[in-house]
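Biologist: I'd like to go through this one with you. Can you show me the model, and then I'll ask how you know things?

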Amino acid sequence: MSSKPPVQDDSDADLVVSRPKRAAAGIHSLTESMPQALSAMGPVRSLKTLLAMNQKDGFDCMSCAWPDPPDRKIAEFCENGAKAVTWEAGLLTVPRDFWETNSVSSMRDRSEYWLGQQGRLVDPVYKPAGSDHYQPVSWDNAFRIVARELHALESPDEAVFYTSGRTSNETAFQYQLFARAFGTNNLPDCSNMCHESTGLAMGDTIGVGKCAITYEDFAKSDLIIIMGQNPGTCHPRMLTALEEAKQAGAEIVAINPLPEAGLINFRNPQKPRGLVGTGTDLADQFLQIRLAGDMALMQAVAKRVFRAEAAAPGAVLDHAFLEEHCQGLEEYRAHMEKVDDQVVMAATGLRTAEIDELAARYLKADKVIVTWAMGLTQHKRAVPTIKEIINLLLLRGNIGKPGAGPSPIRGHSNVQGDRTMGIWEQMPPAFLDALGKEFNFDPPRENGADAVQSIRDMRDGKLKVFVAMGGNLVGAISDTAVAEAALQKLTLSVQVSTKLNRSHAFVGEQALIMPTMGRTEIDRQASGEQFVTVEDTVCAVHASYGKVEPVGANLLSEMAIVSRLARAVLGSDHPIDWAGFEANYDSIREHIAHVCKGCEDYNNKVRRPGGFVLPHPPRDSRTFPTPSGKAIFTVSGIETVEVPEGRLLLQTVRAHDQFNTTMYTLNDRYRGVKKGRHVLFVNPSDLAELGIADGSYVDIHSEAPDGVDRVLRQQRIISYPTARGCVAAYFPEANVLVSLDDTAEGSNTPVSKSVVVRLEKAAAPAYATAT
Ligand SMILES: Nc1nc2c(c(=O)[nH]1)N[C@H]1C(S)=C(S)[C@@H](COP(=O)(O)OP(=O)(O)OC[C@H]3O[C@@H](n4cnc5c(=O)[nH]c(N)nc54)[C@H](O)[C@@H]3O)O[C@H]1N2
Ligand SMILES: Nc1nc2c(c(=O)[nH]1)N[C@H]1C(S)=C(S)[C@@H](COP(=O)(O)OP(=O)(O)OC[C@H]3O[C@@H](n4cnc5c(=O)[nH]c(N)nc54)[C@H](O)[C@@H]3O)O[C@H]1N2
Ligand code: SF4
Ligand SMILES: [Mo]
């Protein structure tokens, strides 16, 4: 299996590589984003959007799921939030003649960057069977086509309804209701590729798969451990919370193979000192761990905690908490005694002194928060690794008290809310019961397909119709070549989207693009202007009000699209009042209040300035909704990834100017990369050992368990201070290297952060040698 060399518009002809930055944010962040905002949106639209962003009467930033502080500043956003708004609310639109000029197959040769640059989608378009072009279609006809193809299926389970995490709670609730009223639980989402491992690990051990702290807890903490996360790029305002925590006395530890800017030093653009000064050194300790070494590290720290307890019995563990709230401690203790330091050193690449230091910090702190993101979730042993964090936190009662707790940081701005609303292929029976009771129908009970399984089922001809509420499944899933071929076996693909991406080019026999309004835009329906609601990573739910005119007159809101789709498919006489949902979003919120846990009195609570926080029994009252009512210690063996001689372990990461498969520019400022993405970051000692020169070109082959040779050609080597034995490449370009079947145990999340690879010297691409 081979990928083509980079396409013309995606070449790195102007690539510039310089030294990586230590500091994140600072003066550059706002000065970098403002000119782009002004040129794409003009001054009025720029002000109307940027000043309303993340305010209590404004709209929620559509980028990451980082929460808003209780007291908002006038400009409550970061550089990447500004880029996301500019990308969505910019006035450039895809012209009507685009579809004549650009065939579907020609779009396959375009990069994500080029596709996104074409502007906002404003008219629904349809690609009939046998044609290589989309053509404009009326909304009514578009819905009729979907109804026709869904009715032609032998079973509702031949259809699949994907969701990306930008969708509002209202749309998500209506969308899952529609899928289930149609008769299927095939509701995969981006979370399957993201924090699925977290949900599973936390659900199994503490009974709730969500972050167990509030925003205020950061400032109350003694120690914050940041694992497998790059907040400077992916959750930039988290750095402000960390800085405040540090000023209040917290220590901060960063555990990462890469010395990410921001973890090492942060300049706060909100403060004059931040603008001109050197900023705050955030991390008190940086552990440059090897990829996938975290489970071993957590066990090594736990072993030291038990040792300290043995030396001072009764003074180290939180015995009262353990006795009252936990089960399985003794088996866990016995297992930790056997942890082999040699195995830990090999797995982590760390020195004993570094681990001792981390353990000493943990023992000294009364209140500890551990945060994490994709650096932990996208590994083979992601689920037991996250369970190991829970083990460690339980030992000293670091859950359900101020300033302490496990804190997964979600990705997409509403990915967590979508799950609360029922977007999941395996919603528990209690939810399905409540849904069935509320709408007087019998929802399907068999679990549906997740993202990876959906691609397999498309490949195997078991799925015929694919509907996507946002996102870019082809671009985001592993094994690009397999995914591209799988999607093309469908009879119909439907994408509800704001902008073009590669999922519009790899489509079924027939394809539809339904353009939709974004969160910045004013949403007027029969009952007047509407708002939607979202949930951030700390379970805070609040309203989001659009502020500017939609970029196109023909655009529909996501709510209107799902409502009309449901009526076209299920009939206008269907007992569920779909038309009512479109006319007034309060009506769907009434149902959310009855069906979704913690959402009672929803319409009133979301109207409070700042909204409300969903209940979280472990966080709120140390109540653990597991079968035994206790938090559960788990025992897992350390299994390291076998990396044969001469091979490296690959992780795929995000650049600073990208949001998942969307590229704002081709730059990654903090890592010192400009105007190019076909690069590999490798440790200089590994390069020396492999005899590969900095700046040279290699083909990178992955060596997946299935033995298939997957290759990404002509990537430029950057000598970079990553951990030994590790290499980093950009997602989604490197997805070609990840086997579809290589997934995390239990969660089925692609192992996008641990792929065994081999580098082979290659000729420089033509664009690099041209003068
Ligand atoms: N600007 C921007 N913001 C975003 C996104 C974006 O694409 N761009 N995406 C959003 C989404 S959907 C998500 S899920 C989040 C993602 O947020 P992150 O998870 O922070 O994003 P990644 O780029 O995947 O970075 C993973 C980090 O984990 C480290 N890492 C990798 N493997 C390991 C490991 O084995 N152990 C340890 N300790 N560290 C490891 C990497 O070096 C890197 O620093 O960001 C959200 N916010
Ligand atoms: N190798 C590798 N693969 C990965 C990852 C990785 O770290 N490495 N990360 C994984 C993760 S964490 C995630 S979350 C997934 C992301 O997977 P997805 O969520 O599927 O992908 P996105 O790139 O976020 O989707 C972008 C598209 O969403 C559409 N869009 C944007 N805003 C809106 C809106 O308001 N409404 C609608 N309807 N559409 C909108 C636009 O058309 C845009 O092109 O990728 C995963 N894939
Ligand atoms: S931290 Fe995340 S949610 Fe907040 S403004 Fe930045 S990108 Fe948006
Ligand atoms: Mo994500």
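Modeller: Let's start with residues 648-755: their end C-alpha atoms lie 8 Å apart, and the span is 6% helix and 37% strand. Helices here are DSSP runs of H or I of at least four residues, strands are E runs of at least two, and both are numbered from the N terminus. This is a predicted model, so local features need pLDDT of at least 70, side-chain atom pairs count only at pLDDT 80 or more, and totals for chains, interfaces and linings use all residues. Residues are numbered from 1 along each chain as its sequence is written, and side-chain values use heavy atoms, leaving out hydrogens and water.

Biologist: Why is Leu-47 called exposed?

Modeller: Exposed means over 50% relative accessible area, buried under 20%, partly exposed in between (1.4 Å probe, protein chains only). Leu-47 has 51% relative accessibility, so it counts as exposed. Leu-47 lies in helix α1 (residues 27-50).

Biologist: How do you know that the span of helix α17 agrees with what's expected?

Modeller: The expected span is 1.5 Å times one less than the number of residues. For the 13 residues of α17 (residues 352-364) that should be 18 Å, and the end C-alpha atoms are 18 Å apart, so it agrees.

Biologist: And what makes α7 mostly covered?

Modeller: Of its 14 residues, 13 are buried. Just after α7, Gly-183 takes a positive phi of about 125 degrees.

Key: Chains are lettered from A and ligands numbered from 1 in the order in which they are written.
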